[in-house]
Amino acid sequence: MPLVRIDMHQHLADKRAVISAAVHRGLVAGLGMPEDDLFQIFRLHEPGDLVYSTTFPDADRDDIVFVQILLARLYDAAQKQAMGAAVVRELVAEGVKADNVLIACTENEGPDWFAPSRDFGQQVLSR
């Protein structure tokens, strides 16, 4: 159940839906996760709020879309790299320049997550 935070400049606000869908398609394809496993937070920023190198590493960057992915420690390095490549491919297909994407993954353990199921309220009431 990845939690995705996407930070980008305000001028990309109208592209939130397509960027959201592209990132999600990349996660599904790259990690093999269920299609309904969708949890994202968008943060829009004014010029000057996002500081980044225009050239590192060997890039030609004119904007930035930061994609931070928090996921359970279930995936090996190859799976995470495949996921990153899939996300970038999907974003490029939506008109985002590949050099303008930076993805960072952070992992935690299963017990660090809590997402109550439909019957959670009933379980709480019956105690």
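Which residue in β3 does Ile6 stand opposite? In this predicted model, the residue opposite Ile6 is Val67 of β3. This pair belongs to the contact between strand β1, residues 3-9, and strand β3, residues 65-72, which run antiparallel and are joined by six bridges. Asp7 likewise has a counterpart in β3, standing opposite Phe66. Strands of a sheet pair through backbone hydrogen bonds, either parallel or antiparallel, and both arrangements involve β1 here: β1 and β2 run parallel and are joined by six bridges. Within that parallel pairing, His9 has His45 of β2 as its bridge partner.

The four strands form an open sheet with mixed pairing, in the order β2-β1-β3-β4. The edges are occupied by β2 (40-45) and β4 (101-108); each has a single partner strand, so one side of each is left without a neighbour in the sheet. On average, neighbouring strands are turned by 15° against each other, direction ignored. Two helices pack on this sheet. Helix α1, comprising residues 16-31, touches β1, β2 and β3, and its direction makes about 140° with that of β2. Helix α2, comprising residues 77-93, touches β3 and β4, with its direction at about 145° to that of β4. As for β1, five of its seven residues are buried, so this strand is largely enclosed by the rest of the structure.

The interior was examined next. The largest nonpolar core contains 21 residues, and those with the most contacts inside it are Ile6, Val23, Leu27 and Leu91. Two or more residues of this core are given by each of β1, α1, β3 and α2. The largest share, six residues, comes from α1. The surroundings of Leu27 can be described in detail: leaving aside residues up to four places away in sequence, Leu27 touches Pro2, Val4, Gly32, Met33, Ile69, Met83 and Val87.

Rolling a probe the size of a water molecule over the atoms shows where empty space is left. The largest pocket has a volume of about 190 Å³. Its lining consists of Pro57, Ala59, Arg61, Gly84, Val88, Ala98, Asp99, Val101, Leu102 and Ile103. Both α2 and β4 supply at least two residues of this lining, and the largest share, three residues, comes from β4. The strand β4 thus appears in two settings, as an edge of the sheet and as a contributor to the lining of the largest pocket.

Note on methods. Residues are numbered from 1 along each chain as its sequence is written. This is a predicted model: local features need pLDDT of at least 70, side-chain atom pairs count only at pLDDT 80 or more; totals for chains, interfaces and linings use all residues. Side-chain values use heavy atoms; hydrogens and water are left out. Two strands pair if DSSP finds at least two bridges between them. Axes are lines fitted to C-alpha atoms, for helices over the stretch in contact, and angles run from 0 to 180 degrees between N-to-C directions. Contact means heavy atoms within 4.5 Å. A nonpolar core is a set of buried Ala, Val, Leu, Ile, Met, Phe, Trp, Tyr and Cys residues joined through side-chain atoms within 4.5 Å. Buried means under 20% relative accessible area, exposed over 50%, partly exposed in between (1.4 Å probe, protein chains only). On a 1 Å grid over the protein atoms alone, a cavity is a set of points where a 1.4 Å probe fits but cannot get out, and a pocket is an open set with protein on both sides within 12 Å along at least five of seven lines; lining residues have an atom within 4 Å of a point. Grid points are joined across faces, edges and corners, and a volume is the space filled by probe spheres set on the points.
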